[in-house]
Amino acid sequence: MTKERRYITISGKDSLAMAVVQQVNHPELSYTYLFSDTGAELPETYQWLADIEEKMGWKIERVGRSIEETIRKDGALPSPLRRWCTEKMKIRPMKKFFDSGIAHVYLGIRADEKTRVFPFEKNTRQTQIIRHYPLVDAGIDQRGVWAILDGLQLLPPTFFWQQLWDAVNNRLNRGWSDTLSSTEKHLLFSGRTRSNCYFCFYQRHYEWIWLADTHPELFENAVELENLNGRGFTWIKDKPLTKLIQDRDRIFERRVQEVIEYINNRGAIFTDTEIANTSCGMMCGK
């Protein structure tokens with residue numbers, strides 16, 4: 001008899017909300033919960049996974065390969081033009097984990113982003129992959145996702161940047177923070193826009209500065225990986241991290257001004273469209 005298994009990959013806020021919705025709507029089904037782990041996640045992300053397991057009573061399997069071991073072996077960094085990390089570190093191990101038979105895969109695509117594409121083929125040589133979109137089916141958008149996780153007290157790591165908060169607070173009139181929603185505060189004062197590898201090449205400059213301020217040992221490790229074998233690879237095109245950090249104050253000030261401009265001229269809450277388009281599909285920060 002053909003094996004049928006159900007997999008839910010948790011990598012960020014949307015996939016966690018999706019997992020909750022699916023489990024509530026269909027508690028009679030048995031699910032295997034997965035996290036695509038490259039060994040380069042931030043401590044806050046690993047703690048979040050532990051909190052999910054404790055609160056929800058789930059066991060989240062870690063599936064993946066060590067990206068740092070691969071970099072140290074091959075001496076080359078991934079980049080937008082050489083994006084081998086997603087395929088080698090995440091997709092291939094996940095396909096192998098699916099084994100054979102029929103794999104029902106539940107995806108964290110929201111109702112407001114129906115055009116997202118899942119990175120696996122529908123069928124492999126041994127496995128038939130059937131895709132499910134619980135958030136789309138339930139009409140749940142980004143606001144709905146935040147509401148679900150806020151209600152469970154399982155919001156993703158804030159990566160809160162105290163220095164950024166203090167700098168903005170010193171320049172705005174009293175009471176400014178009362179005008180912001182909890183979601184806006186979460187997004188505006190985060191040192192990162194995604195929960196994925198701490199040396200992700202898609203990071204903005206201010207995110208590298210936050211990493212250096214908050215996790216200096218990880219920043220230094222990223223610098224070391226740039227200098228492997230003297231081949232001139234850098235995480236940011238044509239800008240080694242040692243030069244980027246020399247420009248720390250200007251980069252930080254630019255981020256302060258961006259946040260203040262948003263607060264003073266708020267429209268609709270910004271979405272994560274750019275993040276979604278530059279992350280590792282369903283395997284990273286989703």
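Q: Quick one to start: how many disulfides does the count come to?
A: Zero disulfides, by the rule used here. Keep in mind that this is a predicted model.

Q: OK, and what about Cys 197, buried or exposed?
A: Cys 197 counts as buried, because its relative accessibility is 10% and the cut-off for buried is under 20%.

Q: And Cys 200, buried or exposed?
A: Buried, with a relative accessible area of 10%.

Q: Let's switch to the strands. How do E1 and E4 run, and how many bridges join them?
A: E1 and E4 run parallel, joined by five bridges. For one pair to look at, take Glu 4, whose bridge partner in E4 is Ile 102.

Q: What about E1 and E2, how many bridges there?
A: Three bridges, and the pairing is in the parallel sense. Tyr 7 has Thr 32 in E2 as its bridge partner.

Q: Which helix does the chain go through from E1 to E2?
A: Through helix H1, residues 13–25, and this β-α-β crossover is right-handed.

Q: And then E2 to E3, how many bridges join those?
A: Four bridges, with E2 and E3 running parallel. Ser 36 stands opposite Val 63 in E3.

Q: Which helix makes a β-α-β unit with E2 and E3?
A: That's helix H2, residues 43–56, and the unit is right-handed.

Q: Now helix H4. Where is it, and what should it span?
A: H4 covers residues 84–98, which is 15 residues. At 1.5 Å a residue it should span 21 Å, and its end C-alpha atoms are 21 Å apart, so the two agree.

Q: Where does H4 bend?
A: At Ile 91, by about 30°. A proline, Pro 93, follows within four residues.

Q: Is that bend residue, Ile 91, buried or exposed?
A: Ile 91 is buried, and so is Pro 93. The buried residues of H4 also include Trp 84, Cys 85, Thr 86, Met 89, Lys 90, Met 94 and Phe 98.

Q: What covers the buried residues of H4?
A: The cover includes the strands we just went through, E1 (4–9), E2 (32–36), E3 (60–63) and E4 (101–106). Strand E5 (127–132) and helix H3 (67–74) are also among the covering elements.

Q: Last thing: which residue takes a positive phi just after H4?
A: Asp 99, with a phi of about 65°.

Notes
Residues are numbered from 1 along each chain as its sequence is written. This is a predicted model: local features need pLDDT of at least 70, side-chain atom pairs count only at pLDDT 80 or more; totals for chains, interfaces and linings use all residues. Side-chain values use heavy atoms; hydrogens and water are left out. Helices (H or I, at least four residues) and strands (E, at least two) are DSSP runs, numbered from the N terminus. The expected span of a helix is 1.5 Å times one less than its number of residues. The bend at a residue is the angle between axes fitted to the seven residues ending there and the seven starting there. Buried means under 20% relative accessible area, exposed over 50%, partly exposed in between (1.4 Å probe, protein chains only). Contact means heavy atoms within 4.5 Å. Two strands pair if DSSP finds at least two bridges between them. A crossover is right-handed if, with the strands pointing away from the viewer, the path from the first strand over the helix to the second runs clockwise. A disulfide is a pair of cysteine sulfur atoms within 2.5 Å.
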